[in-house]
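Grab the viewer and work through a few short exercises, each with its solution spelled out. Try each task yourself before reading on.

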Amino acid sequence: MEKKPYYITTAIAYTSGKPHIGNTYEAVLADAIARFKRKEGYDVFFQTGTDEHGQKIQEKASVAGVTPQKFVDDVAGEIKGIWDLVGTSYDKFMRTTDKDHVAQVSKIFKKFYDQGDIYKGYYEGMYCTPCESFWTESQLVEGKCPDCGREVKPAKEEAYFFKMGKYADRLIEHINTHPEFIQPVSRKNEMMNNFLLKGLQDLCVSRTSFTWGVPVEFDNRHVVYVWLDALTNYITGIGFDADGNHGDNYKKYWPADLHLIGKDILRFHTIYWPIFLMALGEPLPKQVFGHPWLLQGDGKMSKSKGNVIYADDLARLFGVDAVRYFVLHEMPFDNDGQITWELVAERFNTDLANVLGNLVSRTVAMIDKYFGGRVVRSEKQNEEAPDEEFKATVSGVSAKVRAKADELRIADAITEIFALFRRANKYIDETMPWALAKDESKKNRLNDVLYNLAEAIQIGASLLDSFMPQTSEKIFSAFGGASRSLEECENFGLRESVSVTAISPLFARIDFKTLLPEIEKIREAQIASLQATQPAETKQEEKKEEKEEEKVETITIDDFAKVQLRVGEIIACEKVPKSSKLLHETVKFGDEIRSVVSGIAKHYTPEEMVGKKVVFVTNLAPRTVCGVLSEGMILAAEDEDGTLSLVCPDKADIKSGANLG
């Protein structure tokens, strides 16, 4: 039977520099979806690539003293290398400097002009170079770009404009009649309410103030607006031809099943792109999913702070599949996620080493020790209490994973798989194979227990191979099997026998403290690289942006009244075992004792903290940090030099539990 086609794309990465882990997350997520769709039996075409034109590229190339083409060749190569490193199984790596793409963009622009969708005029407004976007004064947010929050500059130049309003009603109707088109739903509401329903302005689609772009063939003073150029990659990359002579891949795979993009570029993909397609007379993509951001745990990633995290550094310290696991599992469906070196190490130890790695090692070792490396499926199993439930649980995971993955809830799908591994570890505790091994009359029972474990692990690895392919392959090798289909994963006991091969630990536990010197080297290298390559003007701009970020919105007295501030006396303090930054304080508030976790270990020792009276926020929702309950937040001030000082009452005799306000 012929496979059903499935076309998935990422946003193409902008070649202004090396992508950090937040950018790389999208490629890994798309790869996980593509691999899973292949497992479901689809004929998948997965396209990714690089966006290589625009004013920002021209400026960066000038600073670097190279041609724009040389600049983008180098950066595109680095991006492709990182995508390959993290295991993206793309079918095409698209570049917008590819000759066939450039030719089609030129023809598309001419087609729009000839059919009256584009006209020449003048643009006068505010321009954001990083976003390559024009804005009116009314669209700015506190005088800044509404997308990225950076400075904008006045610009006036001759330009061609696209008549967006001509297609706006059709797009509104399409969105209303295709609720799956923009996901998650919150993103759809944002696009409708903030843009479409307010009325669309005509879009500037050419520039004359720089030259690095696709030339407008009938007016060579102009180059095509970078977003019109970039968005069309989704069709030119699979053989679209503006003259109608489409290639086989375009006929087979368009419309795309999924455009996977960051939430910050949703407007371009759900308003501009559909309207361009309508003007071309082509069908719209079936779904655009605006995924959330992966953020640095203590704020925005910045090279000047030395806190940018890159996939290659992570992979070197933790391994590729550990990186894939973290970014796929730790990202919520529609809320931003966080990443820090410490969090990655914690998940590595708790989930990968303890849950999965330990399970595989123990099972292989027991089969080797007690049965010479081979267990068999018994004709009549010696089942006891946990077996039936255990087998049913394991067999039922495939359907759960499939349901979550089909909703693009990849983190939830992985959670289901690791629930299987946790259940298998519990099964070991329930059946106690080491105790069975001491009784010769229990040998058949021991065989069945170990066979059941081997089956569970192979089913789990088969479900995991879209997300952690290298790890699954190692497990298959250890158990002498191969990846099973989703349907096969629903059937427990497929193999007549299982022969194991010794395996080194999949994930050896990491002492985070041993990584700190290497992480410090990475931080220092980032700062040195920035100082060596970035012009003074850009450095000043980045510092200015960081100061701007420190500004917060004003609040009313009613907002402030919601915050409960109390004086707490610290009666005990210790370091949190799993963290180099955290202290665990036991705090007395009058007659009440609470546990509080604070990220101040680099500034205060536990001994210094005991006896201090400090101001705490006491009505925050409790949460667990590195396994320790935190029931409040300590208040402290930090200056530009990184000096931190606790907020303490100026009179030592004030009683603990006193309220502020």
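**Exercise 1. Find H174 in this predicted model, then decide: buried or exposed?**

Start with the address: H174 is part of helix α5, which covers residues 165–177. Next comes the accessibility, and for H174 the relative value is 17%. The cut-off for buried is under 20%, so H174 counts as buried. Finally, look at its neighbours: leaving aside residues up to four places away in sequence, H174 touches F181 and L284.

**Exercise 2. Work out which residues the cis peptide bond with omega near -10° joins, and do likewise for the one with omega about 10°.**

Take the negative angle to begin with. That bond runs from Q183 to P184, and P184 sits in the loop between β8 (182–183) and α6 (185–194). Now the positive angle: here the cis bond joins W254 and P255. You'll find P255 in the loop that runs between α9 (248–253) and β12 (258–262).

**Exercise 3. E142 has a positive phi without being a glycine, and so does L408. Say where each one lies, and whether it is buried or exposed.**

Begin with E142, whose phi is about 50°. Its place is the loop between β6 (133–135) and β7 (153–162). With a relative accessible area of 78%, E142 is exposed.

On to L408, where phi is about 65°. This residue lies in the loop between α14 (385–406) and α15 (410–431). Its relative accessible area is 10%, so L408 is buried.

**Exercise 4. How many aromatic pairs does a search of the whole structure find? Classify the pair Y123 and F161 as stacked or edge-to-face.**

The search turns up 32 aromatic pairs. For Y123 and F161, the ring centres are 6.0 Å apart and the planes meet at 25°. Planes under 30 degrees apart count as stacked, so this pair is stacked. Now place the partners: Y123 is in strand β5 (residues 118–128) and F161 in strand β7, so the pair ties together parts 38 residues apart in sequence. Check burial too: Y123 is buried at 11% relative accessible area, and F161 is buried at 6%.

Compare that with F390 and F492, an edge-to-face pair with 6.4 Å from centre to centre and 75° between the planes. F390 belongs to helix α14, while F492 is in the loop between α18 (469–479) and β17 (497–499), so this pair ties together parts 102 residues apart in sequence. F390 counts as buried, with 0% relative accessibility.

**Exercise 5. Look for rings that join a cluster, and for charges placed over a ring.**

For the cluster, follow the ring pairs that link Y7, F45, Y234, F240, Y250, Y253, W254 and W273. For the charges, go to K263, which lies over the face of W293, 4.7 Å from the ring centre. Then try R267: its charged end is over the ring of F268, at 4.5 Å from the centre.

**Exercise 6. Name the edge strands of the open five-stranded sheet that contains β18.**

Write down the strand order, which is β20-β19-β18-β21-β24, with antiparallel pairing. Then pick out the strands that pair on one side only: β20 (592–598) and β24 (633–634) are the edges. To zoom in on one pairing, β21 (residues 613–617) meets β24 in the antiparallel sense over two bridges. There, F616 stands opposite I634 in β24.

Note on methods. Residues numbered from 1 in each chain as written. Predicted model: local features only at pLDDT ≥ 70, side-chain atom pairs only at ≥ 80, totals over all residues. Heavy atoms only, no water. Pairing = 2+ DSSP bridges. Helix = DSSP H or I, 4+ residues; strand = E, 2+ residues; numbered from the N terminus. Buried < 20%, exposed > 50% of the residue type's maximum accessible area, 1.4 Å probe, protein only. Contact = heavy atoms within 4.5 Å. Phe/Tyr/Trp six-rings, centres within 6.5 Å; stacked < 30°, edge-to-face > 60°. Lys NZ or Arg CZ within 6 Å of the ring centre and 35° of its normal.
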